[in-house]
Amino acid sequence: MESQLEQREIVVKVKRYNQEKGEYWQEYKLVVDRFTQMTEVLRRIKSEQDPTLAYRASCHMAVCGSCAMRINGEPRLACKTLALDIVKKYDSNQITVEPMDYFKVQKDLIVDMDEFYARMFKVKPRLYPSKEVVEGRGEHRLRPEDQRELWKFAQCIWCGLCVSACPAVRIDEEFLGPAAHAKGYRFLADPRDTIYDERLKILADSAWRCTYCYQCFNVCPRDVEPVTTIKKTRAHTRFLKDKSEVAKTGEKHVKAIFDSIRETGKLEEAKVYITTYGLAAAITDMLYTMRNGKVNLALIREKKVSQIDQIQKLMGEKE
Ligand code: SF4
Ligand code: SF4
Ligand code: FES
């Protein structure tokens, strides 16, 4: 009972921005209890202390996706974050609140999501059912096993947190980003959808541009696992007729890793690199590594592990 009544005064340090003043920090003090969400903190600051503070929030229950921001540097939904949990986690009464990374700030905690939505709409984020269904002459039923496959990936609320944390979207304009991949795969794998080939063409090249850093997996407030949808989309590349160079290289890379482990039980970096990128590119890169004092790594040859047959058995190569 005692902990339920716990109240603490906290200091909320907000990174603010407007066109006239530029970027600056502002502090607010208020008392919170164990039920106070960070959206409630912001609502009280705005209504009781400073009506000029700008932020987005609507549902207050992790459904609308509008309250994404950084809280103590972590990408979070403000409504899914209790102020006292942050106080306890960081053992400090001061909480910093900043807009999401990567996106252009419009005012205070509000960022421009236009580019995010453009990426999402590139993957045609809706079901394209058959003509019979559209004309009311038929009905598609989803089998429980298909529903189980799609359910997790359909939980995306378009909050943008995964994109804000993704290093690949910052360096590669052709990469659709984790949220668009989650949305794209959700329909690619839906047996009721009728534009599989078109979807695969949109998604396949981009899927090979992810760096597998797992940041999207870590930050998603709905456990969507965008990186898992990217892995699954890569597996569909074999059904694509005209593959891009990026997709072809990606497939070669996966096969080279598989062959290396099957033959030696280890990842032979140099061999995998040559098989993937070709000898000419490998020599150029090897010269670069030699110049940077990493020649040993480039020339290393792995010996087979002693019980290679056990590994081959695990890989389904032997009975
Ligand atoms: S995948 Fe998760 S983090 Fe990314 S936009 Fe959807 S809900 Fe947000
Ligand atoms: S795993 Fe891929 S999509 Fe996810 S954050 Fe890293 S680079 Fe981006
Ligand atoms: S206010 Fe809707 S997700 Fe947070």
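Guide: A residue counts as buried if 20 or more other C-beta atoms lie within 10 Å of its own, as exposed if 12 or fewer do, and as partly exposed in between. The model shown above is predicted. In helix α11, the buried residues are Pro226, Val227, Thr229, Ile230 and Thr233.

Visitor: What makes the buried residues of α11 line one face of the helix?

Guide: Seen down the axis of α11, the buried residues fall within an arc of 155°, so they line one face. The arc is taken from the directions that lead from the helix axis to the C-beta atoms. The buried residues of α11 pack against α6, α8, α9 (196–207) and α10.

Visitor: Which residues of α3 are buried, and how do you know whether they share a face?

Guide: Helix α3, residues 114–122, has Phe116, Arg119 and Met120 as its buried residues. Their directions from the axis of α3 fall within an arc of 100°, so these residues line one face of the helix. An α-helix has 3.6 residues a turn, so residues three or four places apart point the same way. On the face of α3 turned away from the buried side are the exposed residues Asp114, Ala118 and Phe121. The cover over the buried residues of α3 includes α6 (161–165) and α8 (178–188).

Visitor: Why is proline 178 classed as it is, buried or exposed?

Guide: Proline 178 has 30 other C-beta atoms within 10 Å. The cut-off for a buried residue is 20 or more, and proline 178 is therefore buried. Proline 178 is found in helix α8.

Visitor: What does proline 178 touch, not counting residues up to four places away in sequence?

Guide: Proline 178 touches Cys162, Val163, Cys166, Cys216, Pro226 and Val227. Two residues are in contact if their C-beta atoms lie within 7 Å. Proline 178 and phenylalanine 217 are 39 residues apart along the chain, and their C-alpha atoms are separated by 9.2 Å.

Visitor: Why is tyrosine 102 called partly exposed?

Guide: Tyrosine 102 has 18 other C-beta atoms within 10 Å. A buried residue needs 20 or more and an exposed one 12 or fewer, so tyrosine 102 is partly exposed. The loop between β5 (94–98) and β6 (105–107) holds tyrosine 102. Leaving aside neighbours within four places in sequence, the contacts of tyrosine 102 are Val163, Ser164, Val169 and Arg170.

Visitor: What surrounds ligand 2, and which residues are the closest?

Guide: Ligand 2 is surrounded by 15 residues, and the closest are Cys166, Pro178, Cys210, Cys213 and Cys216. A residue is placed in this shell if its C-beta atom lies within 6 Å of the ligand. At least two residues of the shell come from each of α7 (167–171), α10 (215–219) and α11 (226–236). With three residues, α11 gives the most.

Visitor: How do the residues of the shell around ligand 2 divide?

Guide: The shell around ligand 2 has 13 nonpolar residues, two polar and no charged. Cysteine and proline count as nonpolar in this scheme.

Visitor: What can be said of the shell around ligand 1?

Guide: Around ligand 1 there are 15 residues, with Cys156, Cys159, Cys162, Ala179 and Cys220 the closest. Helices α6 and α8 each supply at least two residues, and the largest share, three residues, comes from α8. By class, this shell has 13 nonpolar, one polar and one charged residues.

Visitor: What makes β3 and β5 a pair, and in which sense do they run?

Guide: Two strands pair if at least two bridges are found between them. Strand β3, residues 68–71, and β5 are joined over two bridges, and thus pair, in the antiparallel sense. Arginine 70 stands opposite glutamate 98 in β5, and isoleucine 71 has valine 97 in β5 as its bridge partner. Strand β1, residues 7–18, runs parallel to β5 and is joined to it by four bridges.

Visitor: Which faces of β3 and of β5 are covered?

Guide: In β3 both faces are covered: Ala68 and Arg70 lie on one side, Met69 and Ile71 on the other, and all are buried. In β5, Ile95 and Val97 form a covered face, whereas Gln94, Thr96 and Glu98 form an uncovered one.

Conventions. Residues numbered from 1 in each chain as written. Chains lettered and ligands numbered in written order. Predicted model: local features only at pLDDT ≥ 70, side-chain atom pairs only at ≥ 80, totals over all residues.
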